[in-house]
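Hi there,

Here is the structure I promised to pass on. Please have a look at it, and below you will find my notes on what turned up.

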Amino acid sequence: MEGQSIMQIFQGGSSVSGVIIPIALMLFSGFALTRVTKRLKLPNVTAYILAGILIGPYCLNLVNPDIIEGTSFIADIALAFIAFGTGEFFTFSTLKQNGIKVCIITLFEATLASFFVFVLCLFILKLNLSLSLVLGALAATTASASTIMTIRQFNAKGDFVNTLLQVVALDNVFGLVSYSMAISVAVALQSGSFKLSSILMPIALNLAVLLLGGLFGLFLKLLMPKQRSTDNRLIITIAVLFSFCGICALLDVSPLLGCMSMGMIYINITEDDKIFKQLNYFNPPILLLFFVRSGMNFKLDVLLHSEGIGENVPLLLVGISYFLVRILGKYLGAILGPTLVGEKKEVRKYLGLALVPQAGVAIGLSALGARILGGELGRALETVILASSILYELIGPGCAKLGLYLSHSYAVSLEDLTESVTIEPEKKKNEVELLIERIQAIQKELPSHAKRLAEEEEAFTEAAEEQY
């Protein structure tokens with residue numbers, strides 16, 4: 001090692017240490033930045049992306065570009081975990097109750113967001129047609145992870161939350177299908193040979209993946225007899241997800257739709273939500289690596305350039321414009337859709353706020369798109385989505401929280417937690433006595449001490465206890 005600096009050791013990509021040390025560095029840096037963003041009340045995703053930028057080639061340059069390129073599979077795995085978890089919210093009973101309404105709402109808000117962004121990119125910013133199509137398609141997606149984390153943090157419940165979760169899930173289905181068509185047209189335009197089959201084939205391929213994901217859901221159920229230990233359940237689930245990702249990689253198609261189908265089929269035929277909780281407790285390191293790697297892919301020098309994408313418009317302006325126009329489309333669509341189907345006032349007024357976040361799915365699909373398009377277009381696509389995602393993660397969770405609060409989906413005062421205490425005229429009580437009664441009423445509704453652990457941690461702890 002004589003003559004080598006610490007930087008060069010970190011960047012040694014040919015040895016085992018040259019791979020392990022950068023991965024450890026990615027984990028440590030992502031964690032360290034969360035200590036800062038936590039004080040600023042910002043989401044962890046923001047910290048992960050900023051950590052990737054900091055240790056990436058445009059700042060400290062601590063990770064060899066070969067390592068960044070060689071870990072591209074992390075995007076597929078992260079999308080698989082996100083999509084499988086989203087499938088939990090597609091229970092047949094809930095879909096039967098308000099499935100048509102949710103589909104109409106999603107159609108309006110996702111279509112308007114995509115249309116507004118496409119018009120902005122092609123006719124106002126004068127960008128390349130291929131890039132405009134793909135950006136418009138990605139505008140439909142919503143950050144399911146950020147939204148679900150916000151809901152869980154505030155223990156939000158009710159019709160508004162149920163509608164929101166289903167709309168977010170369908171957003172990503174809509175976004176994936178439109179992305180598949182857009183990326184196919186973009187590739188055809190680049191090659192100069194446009195055929196109808198180039199659009200129909202990806203749609204057929206995604207439908208096949210959807211069906212295959214359902215079959216994998218059935219297969220997963222067969223591998224999960226009642227006597228299966230919790231640690232082996234987790235191992236088998238991850239093995240099945242990885243296998244499915246490998247098949248999708250062979251077919252050169254996103255695993256998102258198939259993994260969502262797998263989760264949906266599994267929850268409906270087993271009603272076993274515990275495996276989802278175990279995965280929620282297991283997947284943070286994978287999601288951290290995914291977002292940190294995305295940050296390392298952030299091309300800072302490209303932000304002020306516009307070569308190969310159309311008119312002389314810097315990508316920084318494109319990212320900010322995309323950020324604002326997508327919000328406008330989502331908000332207007334989330335007003336028109338619920339109004340058309342006669343949804344409650346809370347849904348009509350506040351659903352748009354909760355649909356602002358965008359990160360995981362869009363970043364994952366942009367990474368896949370950059371790999372397919374390559375060159376200036378690929379770099380521009382990933383740069384715009386990452387730049388706007390940082391903005392979305394700064395304000396998105398706050399907007400989602402505001403939507404939940406204004407829709408009365410979580411309690412913010414003592415009076416909201418319990419019903420009012422009835423006071424008989426002849427038995428008037430002072431304020432202290434009323435407070436004691438209200439606290440006692442709350443205590444009755446709280447879970448026992450044994451259930452106070454987070455469900456994800458409890459599920460994972462059980463596996464550890466059985467192992468040892």
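There are seven salt bridges in this structure, which is a predicted model. One of them pairs Asp76 with Arg371, and their closest N and O atoms are 3.9 Å apart. Asp76 belongs to helix 5 while Arg371 belongs to helix 17 (residues 360-373), so this pair ties together parts that are 295 residues apart in sequence. The two partners sit in unlike surroundings: Asp76 is buried, with a relative accessible area of 9%, whereas Arg371 is partly exposed at 43%.

Another of the salt bridges joins Asp272 and Arg233, with 2.6 Å between the closest N and O atoms. Here Asp272 is in the loop between helix 12 (256-270) and helix 13 (274-282), and Arg233 is in helix 11 (residues 230-251), so the contact links parts that are 39 residues apart in sequence. Asp272 is buried, with 15% relative accessibility, and Arg233 is buried too, at 11%.

Then there is the salt bridge between Asp273 and Lys277, whose closest N and O atoms are 2.5 Å apart. In this pair the acid is partly exposed, Asp273 having 32% relative accessibility, while Lys277 is buried at 12%. In addition, Glu109, Asp171 and Lys330 are joined into one network by salt bridges that share partners.

Now to the helices. Helix 5 (residues 73-86), which holds Asp76, has 14 residues. From its first C-alpha to its last, helix 5 reaches 20 Å, close to the 20 Å expected at 1.5 Å a residue. Most of helix 5 is covered, with 13 of its 14 residues buried, and Asp76 is one of the buried residues in the structure, at 9%.

Where does helix 6 bend? The bend is at Asn98, and the angle is about 75° in this helix of residues 92-124. After helix 6 comes Lys126, which has a positive phi, near 60°.

You may also want to look at the surface. Which residues make the nonpolar surface patch of about 380 Å²? They are Leu304, Leu316, Ile320 and Leu324. Leu304 is placed in the loop between helix 14 (284-296) and helix 15 (315-340), and this leucine is exposed, with a relative accessible area of 65%.

Helix 15 also contains Leu332, which is partly exposed at 35% relative accessibility. The C-alpha atom of Leu332 is separated by 7.4 Å from that of Gly352, and the two residues are 20 apart along the chain.

Last, the cysteines. How many disulfides does a search of the whole structure find? The count is zero. As for individual cysteines, Cys59 is partly exposed, with a relative accessible area of 42%, and Cys103 is likewise partly exposed at 42%.

If you open the model with these notes beside you, the pair Asp76 and Arg371 could be a good place to begin, as it connects helix 5 with helix 17. From there you could go on to Asn98, where helix 6 bends, and then to the patch that includes Leu304.

Happy browsing, and do write back with any questions!

Best wishes

Definitions and conventions: Residues are numbered from 1 along each chain as its sequence is written. This is a predicted model: local features need pLDDT of at least 70, side-chain atom pairs count only at pLDDT 80 or more; totals for chains, interfaces and linings use all residues. Side-chain values use heavy atoms; hydrogens and water are left out. A disulfide is a pair of cysteine sulfur atoms within 2.5 Å. Buried means under 20% relative accessible area, exposed over 50%, partly exposed in between (1.4 Å probe, protein chains only). The bend at a residue is the angle between axes fitted to the seven residues ending there and the seven starting there. Helices (H or I, at least four residues) and strands (E, at least two) are DSSP runs, numbered from the N terminus. The expected span of a helix is 1.5 Å times one less than its number of residues. Patches are made of residues with over 30% relative accessible area and no salt bridge: like charges are joined within 9 Å, nonpolar side chains (Val, Leu, Ile, Met, Phe, Trp, Tyr) within 5 Å. Accessible areas come from the Shrake-Rupley method with a 1.4 Å probe; for residues, only the protein chains shown count as cover. A salt bridge is a side-chain nitrogen of Lys or Arg within 4 Å of a carboxyl oxygen of Asp or Glu.
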